[in-house]
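Thanks, I will keep this brief. I want to go through some ring pairs, then the empty space inside, and then one residue on its own.

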Amino acid sequence: MTDFLLTQILNYGAPTLGIIVFISALGAPFPCTLIVIAAGAFAKQGFLTWYTTGLTAVTFVVLGDNLSYAMGYYARERILHRYQYSAGWNKAEDTFNRWGGMAVVWTRFLITGIAVPVNLIAGTSGFGMRRFFLYDLLGESICIFGYGGLGYLFGAEWEVVNDVLSNISGLSLGLVLLAIGLWLGFRRYKTIEARKLKVPDA
């Protein structure tokens, strides 16, 4: 599948990359990090125009993210009816409510596996559309120009770069989840201690 998609990008250029990242933003399991790195390498080799390709990819992926946000926003009742009793959904929603916009940024390039659920939760939770758009644009710009820039920088060695990043991403995800767990635990501890110290009303 990956080889087929990369071949289409070489044959038809930036619009194909845009379509791929757009569909991925709606939940298709495409290896977009690998594809973006490869697109950067293709630009270095002269097959694609760097700035046009980057801007096209950012535009299409942001459109896809905002469409999935809109699904959560306009189909809120239906989505909540289906998932509101799910422990995973409630936990994700609580985490999003705590981190807000930064959850959107991180899931664009670091914890990409939960990007689509975050989009839906942002929509169902009433997170502002303009705020979502700005955080999403920031995160996707980091993703496209960051990963694409690495592909451009390393050129023919882009597959090695992807392997290294895959290992780092797993470690980073673990560290981020650990940090979130410690932070939530610390806040929980402070809340309990505050309740103990609270003087009861006479």
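Let me start with Phe145, which has a relative accessible area of 29%, so Phe145 counts as partly exposed. Bear in mind throughout that this is a predicted model.

Phe145 has a ring partner. How are the rings of Trp50 and Phe145 placed? Their centres are 5.9 Å apart and their planes stand at 85 degrees; an angle over 60 counts as edge-to-face, so that is the label for Trp50 and Phe145. In sequence the two are 95 residues apart, with Trp50 in helix H4 and Phe145 in helix H9.

Trp50 also pairs with Tyr152. Here the centre-to-centre distance is 5.6 Å and the planes are 35 degrees apart, which makes the pair tilted. This pair again links distant parts of the chain, from Trp50 in helix H4 to Tyr152 in helix H9, 102 residues apart. Tyr152 has a relative accessibility of 34%, so Tyr152 is partly exposed. There is a charge to note as well: the charged end of Lys44 sits over the ring of Tyr152, 5.6 Å from the ring centre.

In total, the model has nine aromatic pairs. Elsewhere, ring pairs join Tyr69, Tyr73, Tyr74 and Phe132 into a cluster.

Now the empty space. How many cavities of 30 Å³ or more are there? The count is one, and the largest cavity holds about 60 Å³. Trp50 turns up again, in the lining of this cavity, together with Leu17, Val36, Ala39, Gly40, Thr53, Gly54, Ala57, Ile144 and Gly148. Helix H3 (32-44), helix H4 (50-74) and helix H9 (129-154) each give two or more residues to that lining. Which of the elements has the largest share? That is H4, with four residues. By residue class, the lining of the largest cavity has six nonpolar residues, four polar and no charged.

Last, Asn119, in helix H8 (residues 115-124). Is Asn119 buried or exposed? Its relative accessible area is 0%, and the cut-off for buried is under 20%, so Asn119 is buried. What is Asn119 in contact with, leaving aside neighbours within four places in sequence? The list is Ala25, Asp65, Ser68, Tyr69, Arg108 and Phe132. Two of these names, Tyr69 and Phe132, also belong to the ring cluster I mentioned.

That is what I have; I can go back to any of the views.

Terms used
Residues numbered from 1 in each chain as written. Predicted model: local features only at pLDDT ≥ 70, side-chain atom pairs only at ≥ 80, totals over all residues. Heavy atoms only, no water. 1 Å grid on protein atoms, 1.4 Å probe; cavity = no way out; pocket = protein on both sides within 12 Å on 5 of 7 lines; lining within 4 Å. Points joined across faces, edges and corners; volume = space filled by probe spheres on them. Nonpolar A, V, L, I, M, F, W, Y, C, P; charged D, E, K, R; others polar. Phe/Tyr/Trp six-rings, centres within 6.5 Å; stacked < 30°, edge-to-face > 60°. Buried < 20%, exposed > 50% of the residue type's maximum accessible area, 1.4 Å probe, protein only. Lys NZ or Arg CZ within 6 Å of the ring centre and 35° of its normal. Contact = heavy atoms within 4.5 Å.
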